[in-house]
Amino acid sequence: MSRIAIKGASDEPRIAAARVGIGGPVGSGKTALVERLIPALLERGIDIAVITNDLVTAEDAERIRRSGLINPARVSAVEAGACPHTVIREDPTLNIEAADELERRFPGVELILLESGGDNLASTFSRDLTDFWMFVIDVAGGDDIPRKRGPGVIRADLLVINKVDLAPHVGVDLERMRREALSVRGDRPVLLTNCRRGEGIDAIVDLLEREVLFRT
């Protein structure tokens, strides 16, 4: 991954914003993760913007705009009109255009979060769209998810296992789930979160600063 210098409106070179995808099944906690990442990133002085993807609505974008966490003008919505993976993998043009427009309107933006609409374990991001992408699963979906080795689980730069607080209530052996996730992912990271309480968010931001923004 590399962040490249591009020409701005004044022809002065600037660094293109890093684009980070957030995907995962319906109900895994993608929007909740975005809502936790926004203040954590802003607190560290990172200039951000957000793009959400939904089937035929802008519901997730409106939720974030109303949250008060970020300037609503920095939140854009893409309506997929079909399975969400079509606009993050098969033809990411709409998302690329939305990200380019945010960079034009906010020249200082350093990082753009692109949240996919709810999809399945096969959903992946196009490398033409994102520099780094994370895949979110939750323990309520079952501790066998890593063993099924879906493309999202295997290929994502970061696997997030969310809703860890539910593990004892749904009969999930969390440590085994984490261990099996690490086993199928090789050397790619796995992080545990409870977005409801904000647990594990700092570890994600640490990773983004190190691996995406190249801050030490």
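User: Helices (H or I, at least four residues) and strands (E, at least two) are DSSP runs, numbered from the N terminus. Where is the place of Lys 163 in this predicted model?
Analyst: The model is predicted. Strand 8 covers residues 158-162, and helix 7 covers 174-185. Lys 163 belongs to neither run; its place is the loop between strand 8 and helix 7.

User: What is the phi of Lys 163?
Analyst: Most residues other than glycine have a negative phi. Lys 163 is not a glycine, yet its phi is positive. The value is about 60°.

User: Is Lys 163 buried or exposed, or in between?
Analyst: Buried needs under 20% relative accessible area, and exposed needs over 50%. Lys 163 has 25%, so the residue falls in between and counts as partly exposed.
The class asked for is partly exposed.

User: Which residue in the loop between helix 5 and helix 6 has a positive phi, and what is its value?
Analyst: Helix 5 spans 145-148 and helix 6 spans 151-155. Arg 149 lies in the loop between them. For Arg 149, a residue other than glycine, phi is positive and near 55°.

User: How many helices and strands does the chain have?
Analyst: Both kinds of element are present in the chain. The count is 8 helices and 9 strands.

User: What radius of gyration does the chain have, and what would a compact globule give?
Analyst: The chain has 216 residues. A compact globule of that length would come near 17 Å. The chain agrees with this, because its own radius of gyration is 17 Å.

User: What share of the residues is buried?
Analyst: A residue is buried when its relative accessible area is under 20%. Across the 216 residues, the buried share is 52%.

User: What share of the contacts with a separation of 6 or more comes from residues 24 or more positions apart?
Analyst: Only pairs with a separation of 6 or more enter this tally. Residues 24 or more positions apart supply 73%.

User: How many positive and negative side chains are there, and how far apart are the centres of the two sets?
Analyst: There are 29 positive and 35 negative side chains. The centres of the two sets are separated by 3 Å.

User: How many salt bridges does the chain have?
Analyst: Side chains of opposite charge can pair when their charged atoms come close. The cut-off is a nitrogen to oxygen distance within 4 Å. By that rule the count is 20.

User: How many residues apart in sequence are the parts tied together by Asp 206 and Arg 44?
Analyst: These two form a salt bridge, with the closest N and O atoms 2.6 Å apart. Asp 206 sits in helix 8 (residues 201-211), while Arg 44 sits in the loop between helix 1 (30-43) and strand 4 (48-54), so the sequence separation is 162 residues.

User: Is Glu 209, a salt-bridge partner of Arg 44, buried or exposed?
Analyst: Glu 209 and Arg 44 meet at 2.7 Å, N to O. Glu 209 is in helix 8, and the two are 165 residues apart. The relative accessible area of Glu 209 is 14%, so Glu 209 is buried.

User: Which helix holds both Glu 62 and Arg 65?
Analyst: Their side chains form a salt bridge at 2.5 Å, N to O. The two are 3 residues apart, about one turn, and both lie in helix 2.

User: Which residues does a single network of salt bridges with shared partners join?
Analyst: Sharing of partners links the bridges into one network. Its members are Arg 44, Glu 110, Asp 202, Asp 206, Glu 209 and Arg 215.

Definitions and conventions:
Residues numbered from 1 in each chain as written. Predicted model: local features only at pLDDT ≥ 70, side-chain atom pairs only at ≥ 80, totals over all residues. Heavy atoms only, no water. Rg over C-alpha atoms; globule rule 2.2 N^0.38 Å. Buried < 20%, exposed > 50% of the residue type's maximum accessible area, 1.4 Å probe, protein only. Contact = heavy atoms within 4.5 Å. Lys, Arg positive; Asp, Glu negative; His and termini not counted. Charge placed at Lys NZ, Arg CZ, Asp CG, Glu CD.
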